Amino acid sequence: MANDILLGKSQLTGSRTPEVFLHAKYGNRHGMIAGATGTGKSVSLMVMAEGFSKLGVPVFLADVKGDLAGMAQAAVVNDKLKPRLDKLGITDYTPSANPVIFWDIYGKLGHPVRATVSEMGPTLLARLLELNDVQSGVLEVVFKAADDQGWLLLDLKDLRALLNHAADKDNAKELSAKYGLISPTSIAAIQRSLLQLENAGGDVFFGEPALDLADFMRQDMSGRGVVNILAADQLILKPMLYSTFLLWLLSELFEKLPEVGDLDVPKLVFFFDEAHLLFDDCPPALQKRVEQVVRLIRSKGVGVYFCSQNPDDAPDVILGQLGNRVQHALRAFTPRDQKAVNAAAQTFAPNPAVGDITQVITQLGVGEALVSTLQEGGVPLPVERALIVPPTCRIGTITDAERATIRSRSPVGGKYDTAVDRESAFEILTQRTDATIARPAPGDANGGAAQAPAQGPMSGWGKTISDVLLGSGRRQGMIETMAKSAIRSGGSRLGTALVRGVLGSLLKK
Ligand SMILES: Nc1ncnc2c1ncn2[C@@H]1O[C@H](COP(=O)(O)OP(=O)(O)OP(=O)(O)O)[C@@H](O)[C@H]1O
Ligand SMILES: [Mg+2]
């Protein structure tokens, strides 16, 4: 088949499939890389990611240990690499760097990745804030109220202002009458969780400029797919933020990308390291939606690969959808280990040449794996024992200087490196409390609203109406925002109901 990614070579004499390929055509049928620590998972992930990139497919990966950053540099053939190349019989090895864009929610090791509160939506936000059902319901209500009023929820400041607004006795009464009961206890609980999220550094993630998914889906000048590496070393310490962020990304992609059917190569491939974090403490309803998104995103040309120590870290329904598998060595010290080994073995179609799979799994060397990928017609390859090829990039970390150079050459730095804080719920509600109502000058369409807060003394709802009727910078700001929101949400929800994350909208269906 065309568009093959060489993963490894069988070391068994007389093997039917001496070379094991991942076929890009089936790259959207998802996959799994599993194995005990130090067995070669990250390197296998790099081989796949690099392979896709060379075929022009952009990839996204979360770098938990910093050792995937080496993808930005070319390998050096040394004493460690040479014997493996010889053993594999590779004579045309050409070290090469990948076109990497570094991202970092905290903005330190890469461009900041941001989303607006509105885009995240109440459902995912409730998960992030670890709210109970009642509190989640209240959050839904305040979101709805903000939508109806046309107040933009961009950053956590906006959300805080909104909650303060709803906590006011009179406002609460009005909102409760219109949308259902808002109890002060629930509002207080949400405010406390919000404070915790802010203190944990979660606030940096919310705001603008928000991530434009198109920037994840770039190719470089030579047609190679961009390798997006998200620094996750700090993020992983906040499992809830990590998993919620990744779920948000996946759901955004699901919502924004069109159906494409079968393609020669995927449009984007996602690698989730420490995949178990996605499913730990995941409420059943949300887990169901994740399963649904993973299943459906395939037809949008997106492949999702889970990387984990235990192959059974992902729920069975998801495991059943993973067509391409690379299983590195597992240890079998305890009964639980043995159970995992048995479970992993059962996912492979047997191959007499390989022998007893449960035994082989415990005997694999570093950088060696049991592999099964989808072949022509979507049929899984009978399990093959393969020595994994080395990537052409560096295995391991990079220096601060190397990172700085890559970052300075990035095509998207100018777009994301500086935060923007424009008028939204916080500004409107703050002005509303201390404003005296007066008519703003009509026709003040200066178009500068994207950065300037409303200048007129009139504020809040009255001002919004007056702006829409009479025209002002604020109006332009609003219209621009709505248009932007509409583009970001694929044109589906223009109007007062601003953008909402798909998991949120799906959950309501
Ligand atoms: N395909 C390969 N080619 C060359 N070297 C490899 C290969 N696979 C593994 N290695 C070597 O083994 C080391 C450990 O591999 P790797 O970092 O991928 O393990 P891991 O399973 O990701 O471990 P952890 O669970 O700790 O993240 C690598 O640093 C590299 O030196
Ligand atoms: Mg690793």
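**View 1. The surroundings of ligand 1 in a predicted model.** Of the 16 residues around ligand 1, those that come nearest are G40, K41, S42, V43 and G367; a residue is near a molecule if its C-beta atom, placed from the backbone, lies within 6 Å of it. Helix α1 (residues 41–54) gives the most to this shell, with three residues. Helices (H or I, at least four residues) and strands (E, at least two) are DSSP runs, numbered from the N terminus. The shell has five nonpolar, seven polar and four charged residues. Ala, Val, Leu, Ile, Met, Phe, Trp, Tyr, Cys and Pro count as nonpolar, Asp, Glu, Lys and Arg as charged, and the others, Gly among them, as polar.

Residues are numbered from 1 along each chain as its sequence is written, while chains are lettered from A and ligands numbered from 1 in the order in which they are written. In this predicted model, local features need pLDDT of at least 70 and side-chain atom pairs count only at pLDDT 80 or more, but totals for chains, interfaces and linings use all residues.

**View 2. The open sheet.** The sheet has 12 strands in the order β2-β1-β14-β11-β10-β3-β9-β8-β4-β7-β5-β6, with mixed pairing. Its edge strands, β2 (19–23) and β6 (111–112), each pair on one side only. Two strands pair if DSSP finds at least two bridges between them.

**View 3. Strands β8 and β9.** Strand β8 (residues 268–272) pairs with strand β9 (residues 302–308) in the parallel sense, over five bridges. V269 has G303 in β9 as its bridge partner.
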